[in-house]
Amino acid sequence: MVVPGGSSAIVIGATGLVGRECVRQLSAHHGFERVTALARRALPSDLVAAKVKTELVDFDRLGDRPEVFQATHLFCALGTTIKQAGSQDRFRQVDFDYPLRAAELALAAGVRHFLLVSSVDANPVSRSFYLRVKGELEAAIEGLGFRSVTVVRPSLLLGDRNEFRLTEEAAKRLSWAFPRKYRPVHARDVAAALIAAAALDRPGVNFIENPAIAR
C-alpha cells in the first residue's frame with residue numbers, strides 16, 4: 001500500500017539530527033499535506049515551510065495538548081545521551097517515558113503508523129542500560145496496537161551537529177573499517193528510510209536494520 005495524498009505527519013524530536021531531516025524531507029513529500037513538529041523551541045529557519053507547523057509543547061505535560069496528535073503518521077526521533085541527560089533516570093525519561101506517552105496519545109487520536117528511531121542492538125534484556133531502554137521502548141510501542149509500527153535501528157549517526165564530537169569525527173574517517181552492521185550512517189539516510197516506510201504504510205511491525213539504511 002502506498003500512502004495516499006492527504007496524509008499528515010507529526011515529528012517529535014524535530015530539532016534533533018534525524019528529526020530535522022524528517023521535517024525537511026516530509027515538507028517536500030507530495031504524499032503528506034501537513035507536517036506538525038512538536039518541540040520545546042522554535043524550528044531552525046531552514047525548516048520553515050508552508051505546510052510545516054510548529055507546536056511548542058512541554059514534554060512533561062503532553063496530555064494537556066491531545067489535539068496536536070491528530071495525524072496519520074507519527075515520527076519519533078526523540079532521544080538524548082546519558083552524558084547530555086546527566087543521569088540514567090533523566091535519560092530514561094527522555095528516551096522511554098516521553099516517546100511512550102506520545103505514542104499513547106497518538107493512538108488515542110487516530111494515528112495509524114508509528115515510526116521510531118531506535119538503535120542498533122536495542123534489546124530489552126541487554127546488559128547495556130542504553131540499549132536496554134531502547135529495547136524496552138520498542139517492545140512497549142509494539143504492544144500498543146498501532147496498525148503499523150516501523151522501527152529503524154541505526155548505528156552511529158552522522159550529520160551537522162551543534163557540538164563537536166570526537167567519536168563521530170573519528171568514525172567518519174574510519175567508517176570503511178566497520179562491519180556493515182555497525183557502519184555509521186547519515187541522518188538524512190535514516191530519515192529517508194523512515195519516510196519510505198511511511199509511504200509504503202505496510203501493516204504490522206517492521207524493522208529496518210542498519211545495513212539497509214545507508215545508500
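How many bridges pair β5 and β6, and in which sense do the two strands run? The pairing is parallel and extends over five bridges. The answer comes from a predicted model, and the sections below place these strands in their wider setting.

## Overall composition

The chain contains six helices and nine strands. Of its 215 residues, 50% count as buried. Among the contacts in the chain with a separation of 6 or more, 72% are between residues 24 or more positions apart.

## The sheet

Seven strands form an open sheet with parallel pairing, in the order β3-β2-β1-β4-β5-β6-β9. The edges are taken by β3 (52–56) and β9 (204–209); each has a single partner strand, so one side of each is left without a neighbour in the sheet. From one strand to the next, the twist averages 15 degrees.

Strand β1 (residues 7–12) runs parallel to β4 (residues 73–76), and four bridges join the two. Within this pairing, Ile 10 has Leu 74 of β4 as its bridge partner. On the way to β5, the parallel sense is kept: β4 and β5 pair over four bridges. Leu 74 has a bridge partner in β5 as well, namely Phe 114. In the pairing of β5 with β6, Leu 115 stands opposite Thr 150.

## The enclosed strand β5

Is β5 enclosed or open to its surroundings? Five of the five residues of β5 are buried, so the strand is largely enclosed by the rest of the structure. In a regular strand, side chains alternate between the two faces of the sheet. Both faces of β5 are covered: His 113, Leu 115 and Val 117 are buried on one side, and Phe 114 and Leu 116 are buried on the other.

## Helices on the sheet

Helix α3 (residues 88–109) lies across β1, β4 and β5 (113–117), and its direction is at about 180 degrees to β4. Helix α4 (residues 129–142) also packs on the sheet, where it touches β5, β6 (148–153) and β9. The direction of α4 makes about 175 degrees with that of β5. Strand β5 is thus among the strands touched by α4, and it is one of those that α3 lies across.

## Packing of α1 against α6

Helices α1 and α6 pack with their axes 8 Å apart, at an angle of about 55 degrees. That angle makes α1 oblique to α6. The crossing of α1 past α6 is right-handed.

On the α1 side, the contact is made by Leu 17, Val 18, Glu 21, Cys 22, Gln 25 and Leu 26. On the α6 side, the residues are Ala 187, Arg 188, Val 190, Ala 191, Ala 192, Leu 194 and Ile 195.

## Salt bridges

Side chains of opposite charge can pair when their charged atoms come close. A search of the whole structure finds 14 salt bridges. In one of them, the side chains of Asp 46 and Arg 24 meet at 2.4 Å, N to O. Asp 46 lies in the loop between β2 (32–39) and β3, whereas Arg 24 belongs to helix α1 (residues 17–27), so the pair ties together parts that are 22 residues apart in sequence. Arg 24 has a relative accessibility of 30% and counts as partly exposed.

A further salt bridge lies within helix α3, where Arg 101 and Glu 104 are three residues apart and separated by about one helical turn. Their side chains meet at 3.5 Å, N to O. Arg 101 is partly exposed at 37% relative accessibility, and Glu 104 is partly exposed at 34%.

The side chains of Arg 147 and Asp 201 also meet in a salt bridge, at 3.7 Å, N to O. Arg 147 is in the loop between α4 and β6, and Asp 201 is in the loop between α6 (187–200) and β9, so this pair ties together parts that are 54 residues apart in sequence. Asp 201 is buried, with a relative accessible area of 0%, whereas Arg 147 is partly exposed, with 31%. In addition, Lys 53, Glu 55, Arg 65 and Glu 67 are joined into one network by salt bridges that share partners.

Conventions
Residues are numbered from 1 along each chain as its sequence is written. This is a predicted model: local features need pLDDT of at least 70, side-chain atom pairs count only at pLDDT 80 or more; totals for chains, interfaces and linings use all residues. Side-chain values use heavy atoms; hydrogens and water are left out. Two strands pair if DSSP finds at least two bridges between them. Axes are lines fitted to C-alpha atoms, for helices over the stretch in contact, and angles run from 0 to 180 degrees between N-to-C directions. Contact means heavy atoms within 4.5 Å. A salt bridge is a side-chain nitrogen of Lys or Arg within 4 Å of a carboxyl oxygen of Asp or Glu. Buried means under 20% relative accessible area, exposed over 50%, partly exposed in between (1.4 Å probe, protein chains only). Angles under 35 degrees count as roughly parallel, over 145 as roughly antiparallel, 65 to 115 as roughly perpendicular and the rest as oblique. A crossing is left-handed if the near helix is turned anticlockwise from the far one by less than a right angle, and right-handed if clockwise.
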